[in-house]
Amino acid sequence: MRKLALAILATLALAVPAGLPVPAIAQDAAADAAAEVDRSATGGAQTLEDILARQRGEVVDDSFRRSLIGDGTAAGIAAQLGTLGGESDSEVWRALRYGHDSVTVSAGGDVARNLIQDGGMAWYQFREGPLATYGGYLLLGTIAALILFYLLRGKIRIDEPMTGRTVTRFAGIERFAHWMLAGSFILLGLTGLVVMFGRAFIAPTLGKEANAVILSASKIIHNNIAWPFMLALVMIFVMWVWHNIPNRTDLTWFAQAGGIVGKKHPPAKKFNAGQKIIFWSVILLGGSISVSGLSLLFPFELPLFAKTFTVLNDLGVPGLLGIADLPTQLAPQEEMQLAQAWHAIVGFVLMAIIIAHIYIGSIGMEGAFDAMGSGEVDEAWAHQHHSIWLDEVKAKEKEAPAASAPAE
Ligand code: HEM
């Protein structure tokens, strides 16, 4: 097992530098070249080359635009700017951009009224660059860290001999909700990764046709599996929230580093502090992914960010972080771009957390899987990892020896 883990670790180490795209870096040389572009054919206005350079992510020196405003050369570009020519009215452009204008459309609703939005390129570059790169590194880094942890610490064993007596850790309904949550999340994660990395990894290896088929299937699965995930999230929340309220035993757990390092096993109720972190991560991050996912599932119907940014600005959050106020006027398309970016960022973070959870719930800890498999755990395991909970269960059994209901 350790040899296999070492082999995977070595493969990851090689794959990380080679396999992932790096963020686009501004190229000064390209900016110099753009400044020398011959614009006589467009009367001094931007050329196709300027547009293409901007789309390639190069820094385009657009000072030539300002030098045109208001002087005689503006006449040359009047046809492109409309009736105001070079004397562009910023209020008009702003109204067009944010939908305050008097434009009417016969089809397409509010979104079609929006004639200008300039966030597309920035969003595209963020998605192809930092999002894909750092998201990928986060997942591969988490897997590498867990393999390293396994090699250093090994499996967490049950210290005392098994007693042969078992207690019910999770009832059928709890296991049903957990596996619905787990199954749907794994499918959502895998199909989400396919949609994000398909063009970079599947298209060059299996071809564009195969990529198209795999991506469309992934999109259908992703959009539909979101519903069981949300249902399971609500079930898990309702059933386990009372066991996940922080209390004093959590401090002992943290003080002893959860018994993960060293030999001590801190006392715990039904869930220890580490599990509470997993629970609240799943609820809060899973909830946020669900809300932004709904916004993406019903395009333009559930804009989230302009309102959220207004609240954050009012609370003074940007000031605390030392950044400028967040934009509170957003085009409908920009709302969608932000929803996608947020959905993916939070998705990557939760995937990394869940990879660690899957490790500890399966190969990382002896006897843990039974809790979610059969629902029954040996008393030796329960005593080692959840001693207060075991005592409570046994006390209840004594109070009502005839009752056959599951513990808790
Ligand atoms: C193959 C995948 C998975 C395995 C083997 C697994 C295993 C387990 C086990 C054994 C427990 C009970 C631990 C105990 O008795 O104390 C548990 C609890 C839990 N699982 Fe999973 N799980 C998996 C996937 C997931 C996924 C994908 C999610 C959420 C998206 C999730 C969320 C939870 C939560 C919130 C708990 C309660 C808190 C905790 O024990 O950490 N699980 N899981």
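So, which residues are closest to the ligand here? Ala182, Gln275, Ile278, Gly361 and Ala371 are, out of 21 that surround the ligand, where a residue counts as near if its C-beta atom, placed from the backbone, lies within 6 Å. Quick caveat: this is a predicted model, with local features needing pLDDT of at least 70, side-chain atom pairs counting only at pLDDT 80 or more, and totals for chains, interfaces and linings using all residues. Numbering runs from 1 along each chain as its sequence is written.

Helices H9 (172-206), H12 (273-297), H15 (332-361) and H16 (368-373) each give two or more residues to that shell; helices here are DSSP runs of H or I, at least four residues, numbered from the N terminus. H9 has the largest share, five residues.

Staying on H9, that's where we find Ile202. Ile202 counts as partly exposed because it has 19 C-beta neighbours inside 10 Å; 20 or more would be buried, 12 or fewer exposed. Leaving out residues up to four places away in sequence, Ile202 touches Ala210, Asn211 and Ile214, with contact meaning C-beta atoms, placed from the backbone, within 7 Å. Ile202 and Ile214 are twelve residues apart in sequence, and 8.8 Å apart C-alpha to C-alpha.

Now the largest nonpolar core, meaning buried Ala, Val, Leu, Ile, Met, Phe, Trp, Tyr and Cys residues joined through C-beta atoms within 7 Å. This core has 26 residues, and Leu181, Phe185 and Ile236 are among those touching the most other members. H15 supplies its largest share, ten residues. As for Ile236, again skipping residues up to four places away in sequence, its contacts are Ala177, His178 and Leu181.

Note on methods
Two residues are in contact if their C-beta atoms, placed from the backbone, lie within 7 Å.
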